[in-house]
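Reader: I would like a close look at a single part of this model rather than a tour of the whole. Could you choose one strand, work outward from it through its neighbours, and tell me what surrounds it?

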Amino acid sequence: MKSLAFEVKVIRSVAEMAEALSVRRRVFIEEQAVPEEIEIDEHDGDPAEVDTAVHVLGRLDRVAVATGRLLLDEDREHLAHVGRVAVLAEHRGKGLGREIMAALHREARERGYPGIVLSAQLHAVGFYERLGYVGHGDVFLEAGIEHREMELLFGG
Ligand code: COA
């Protein structure tokens, strides 16, 4: 059987942004029941105009199946913030989430950030731990879902 090609790219157009939002809609709005007005925000506009975030899109055999975004803190000495990491349910457990994270880490490093901070849904803490993230502080609720703050310092 022919193996499918997974490609991750930085989003540069409104059309690619729409592909990423279709993945997030399926995962966060439909599967996790996050309200649309919380899920989609000012960082999700036309990439030519929004300079507060970098989004990545993962396509499997040219079909959008995964995404994630990096929020850019103006102060490069602060950690950049990763969020909205999503892989369609039918494609989980194949290493695609790891590749999305690698692309986001690359973008953060290239911009000179020392590391990443993120709010992990509790069920995903193990996923981030596999990538070297360390949990901090108490569990808190966001959009009705339990989260914990986690950090990764790039080092070297
Ligand atoms: N708990 C513990 N370990 C996990 C895990 C979980 N929920 N999900 C994946 N892992 C492990 C894998 O076993 C794999 O381990 P390995 O290093 O031994 O191979 C590693 O993490 C990478 O897994 P991968 O296959 O790349 O993850 P994925 O493509 O299934 O994506 C999520 C993981 C969390 C992005 C995906 O489950 C998802 O989209 N969930 C719904 C949306 C969501 O909750 N996003 C996170 C918001 S904070």
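Author: What follows is a walk outward from strand β5, through its neighbours in the sheet, to the ligand and to a few single residues.

Please keep in mind throughout that this is a predicted model. Strand β5 covers residues 115-121, and six of its seven residues are buried, so the strand is largely enclosed by the rest of the structure. The chain arrives there from strand β4 by way of helix α3, residues 96-110, and this β-α-β crossover is right-handed.

The sheet to which β5 belongs is an open one of seven strands with mixed pairing, and its order reads β1-β2-β3-β4-β5-β7-β6. At its edges are β1 (6-10) and β6 (134-142), each of which pairs on one side only. On average, neighbouring strands of this sheet are turned by 25° against each other, if direction is ignored.

On one side, β5 runs parallel to β4 (residues 80-87), to which two bridges join it; on another, it pairs with β7 (residues 145-153) in the antiparallel sense, over seven bridges. Val117 is a useful residue to follow here, since it appears in both pairings: Val117 is the bridge partner of His81 in β4, and it also stands opposite Glu151 in β7. The path can be continued through His81, which in turn has Leu71 opposite it, and in this way we reach β3 (residues 63-71), a strand that runs antiparallel to β4 and is joined to it by five bridges.

Within β3 itself, Thr67 deserves a look. With a relative accessible area of 1%, Thr67 is buried, and its side chain reaches the backbone oxygen of Val56 at 2.7 Å. Ahead of this strand, in the loop between β2 (53-60) and β3, sits Arg62, which by contrast is exposed, with a relative accessible area of 71%. Most residues other than glycine have a negative phi. Arg62, although not a glycine, has a positive phi of about 75°, and Arg84 likewise has a positive phi, of about 55°. Arg84 has its place in strand β4 and is partly exposed, with a relative accessible area of 21%.

The ligand is the next thing to consider. There are 21 residues around it, and those that come nearest are Val85, Val87, Gly95, Arg98 and Arg130. Backbone atoms also approach the ligand: a backbone N or O atom of Gly93 lies 2.8 Å from one of its oxygen atoms, a polar backbone atom of Gly97 is likewise 2.8 Å from a ligand oxygen, and a polar backbone atom of Phe127 is 3.5 Å from a ligand nitrogen. Taken alone, the ligand exposes 910 Å², of which the protein buries 74%.

Finally, we return to β5 and to the loop between that strand and α4 (125-130), where His123 is found. Unlike most of the residues of β5, which are buried, His123 is exposed, with a relative accessible area of 62%. Its side chain makes a polar contact, at 2.7 Å, with the side chain of Gln121. The C-alpha atom of His123 is separated by 31 Å from that of Val14, a residue 109 positions away along the chain.

Methods. Residues are numbered from 1 along each chain as its sequence is written. This is a predicted model: local features need pLDDT of at least 70, side-chain atom pairs count only at pLDDT 80 or more; totals for chains, interfaces and linings use all residues. Side-chain values use heavy atoms; hydrogens and water are left out. Buried means under 20% relative accessible area, exposed over 50%, partly exposed in between (1.4 Å probe, protein chains only). Helices (H or I, at least four residues) and strands (E, at least two) are DSSP runs, numbered from the N terminus. Two strands pair if DSSP finds at least two bridges between them. A crossover is right-handed if, with the strands pointing away from the viewer, the path from the first strand over the helix to the second runs clockwise. A residue is near a molecule or strand if one of its heavy atoms lies within 4 Å of it. A polar contact is a pair of N or O atoms within 3.5 Å; within protein, one must be able to donate a hydrogen and the other to accept it, and residues adjacent in sequence count only if both atoms are side-chain atoms. Accessible areas come from the Shrake-Rupley method with a 1.4 Å probe; for residues, only the protein chains shown count as cover. Axes are lines fitted to C-alpha atoms, for helices over the stretch in contact, and angles run from 0 to 180 degrees between N-to-C directions.
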